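Here are a few exercises to work through with the model in view. Try each task yourself before reading its solution.

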Amino acid sequence: MEKNKKRVIANMSWLMGGKIVNMILSFFVSLATARYLGPSNFGSINYVAAYVSFFSSIASLGLSVIVIKEVSSGEEDDNKVIWTGILMRFLTAVVSTVAVVAFFAIAKKNDPLLVPIAALESIAILASAFDTFMYWFQGKLLGKFVSIAGVIAYLAMSLYRLYLLANGADILWFAFATSVDTLVLALVLFIFYVKENGFRPVISLPLGKKLLKQSYHYLISGLIAILYSKIDQIMLGDMLDKASVGLYSAALTIAGLWGMIPSAFIQSVSPILYKNAQTDRGMFLKRLKQSYAGIWFLNVCWSLAISLFSYWVVLLLYGAEYMGARKALIIVVWYSGISSLGSLTQVYLATENKNKYINYFALAGLVTDVVLNALLIPHFGIMGAAVATLATYCVIHIVMPLVIKDTREAAVLILQGMIFRDVIDENMKQYGKMIVKKVFRRK
């Protein structure tokens, strides 16, 4: 048990460290890009990215949770799982890439600039098939490789964008930036994987069917999740203008900054939670509630700070041109923490074989988001979109799990974690001290 704790702490330290470095690199270069492009051009890139995200979600096949679970359990050959997943995702990615470009060429022909932007951004869909290697490292608690690969990829993208800024490049070159990041990440992960596990491509059709059978719930929910997470930007672009999309995207970027921290935490503890669920369900539920509490505490601190200093945050980061994003930021900043709680709930659903409810949650969220956006955007603009987003995530990750009897246990754990009920004990205190020591020791 002590060995597992040390591995979790080391893995989390690497993941968190890598996420923080990536956040710093990406955020400040993105700020410079947003200032250079202005709300309208910045909005155009994000408007197209909203559509690309949907097709990218299709190409992911919802395999992330399932592949990590398979690698962690050791029931199947790791190498076979990874390469089968890659082939399945790449074939789907080819179809998705063609589909997204065709969509813009047909549906958005009145705005010809959007077609080449879509073509350049959709290259990332093809490259993302190879981030399946990442799931192997996460399942094996080898977070340092994921962190190093991420830093290299973000550094490459940052240098690319800085070069474009220095040379006053056209908007199309900036549209390719996301693909640069994904391409480099895929290459570095491939190199690391081959070094650690060898180059032995093995494909299994029966295994592929097994993975799809387990993951289709996540695929469907992922598609719906992309819709409700991006529908606000799409509807803002269609109902108002691309500048509104740019302002709202700036608010979302600031709100989601801290999300890398709980993401690293969840990626690190998920394999251990899966193992706890197999050996000691009581401990699994206890650790799950403690994880909810920790994530929520971080969210409250972050959200309060951003809300109180929103004027200065927007002014200093994006400039006066983006000041229209301030009020939306105060509302939407609270959604990212609730979203992280939902990511952790996926572990509970996977261990309890209740994956089917993910689709119910996501569908309720989509309906909520579309209805609220349609009602609020015409009257309140990006403020309406912000309210719709926050309400949607509350419905998905708290209200729906509470309403459905089979998932009420998870919702109760979330609510207990949010009020820190029976969260702190001696083991938790010792665990926290170990985490702090490890993080500071690495620094």
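The exercises below go from the whole chain down to single residues, and the model they use is a predicted one.

**Exercise 1. The whole chain**

Task: Work out how many helices and strands the chain has, and what share of its residues is buried.

Solution: Start with the secondary structure, which comes to 20 helices and 0 strands. Next, look at burial: of the 443 residues in the chain, 56% are buried. Then turn to the outside, where the chain exposes about 18900 Å². Carbon and sulfur atoms supply 67% of that area. Finally, check the contacts with a separation of 6 or more: 85% of them are between residues 24 or more positions apart.

**Exercise 2. Two cysteines**

Task: Decide whether C301 is buried, partly exposed or exposed, do likewise for C394, and then find the count of disulfides.

Solution: You need the cut-offs here: buried is under 20% relative accessible area, exposed is over 50%, and partly exposed is in between. C301 has 40% relative accessibility, so C301 counts as partly exposed. C394 comes in at 25%, so C394 is partly exposed too. For the last step, recall that a disulfide is a covalent bond between the sulfur atoms of two cysteines. The count of disulfides comes to 0.

**Exercise 3. A leucine and its neighbours**

Task: Find the helix that holds L189, and list the residues L189 touches beyond four places away in sequence.

Solution: First, locate L189 in helix α9, which covers residues 177-197. Its relative accessible area is 0%, so L189 is buried. Now list what L189 touches, leaving out residues up to four places away in sequence: F130, D131, F133, M134, F137 and A149. Take F137 as an example: it sits 52 residues from L189 along the chain, yet their C-alpha atoms are separated by 9.3 Å.

**Exercise 4. A patch on the surface**

Task: Which residues form a nonpolar patch on the surface together with L87?

Solution: Begin with L87 itself, found in helix α3 (residues 78-107). With a relative accessible area of 36%, L87 is partly exposed. The other members of the patch are F90, L91, V94, V95, V98 and I203. Together with L87, they have about 600 Å² of accessible area.

**Exercise 5. A covered helix**

Task: Compare the reach of helix α11 with the expected value, then find how many of its residues are buried.

Solution: Helix α11 spans residues 242-255, 14 residues in total. From first C-alpha to last, α11 reaches 20 Å, close to the 20 Å expected. As for cover, 12 of the 14 residues in α11 are buried, including K242, Y248 and L252.

Note on methods
Residues are numbered from 1 along each chain as its sequence is written. This is a predicted model: local features need pLDDT of at least 70, side-chain atom pairs count only at pLDDT 80 or more; totals for chains, interfaces and linings use all residues. Side-chain values use heavy atoms; hydrogens and water are left out. Helices (H or I, at least four residues) and strands (E, at least two) are DSSP runs, numbered from the N terminus. Buried means under 20% relative accessible area, exposed over 50%, partly exposed in between (1.4 Å probe, protein chains only). Contact means heavy atoms within 4.5 Å. Accessible areas come from the Shrake-Rupley method with a 1.4 Å probe; for residues, only the protein chains shown count as cover. A disulfide is a pair of cysteine sulfur atoms within 2.5 Å. Patches are made of residues with over 30% relative accessible area and no salt bridge: like charges are joined within 9 Å, nonpolar side chains (Val, Leu, Ile, Met, Phe, Trp, Tyr) within 5 Å. A salt bridge is a side-chain nitrogen of Lys or Arg within 4 Å of a carboxyl oxygen of Asp or Glu. The expected span of a helix is 1.5 Å times one less than its number of residues.
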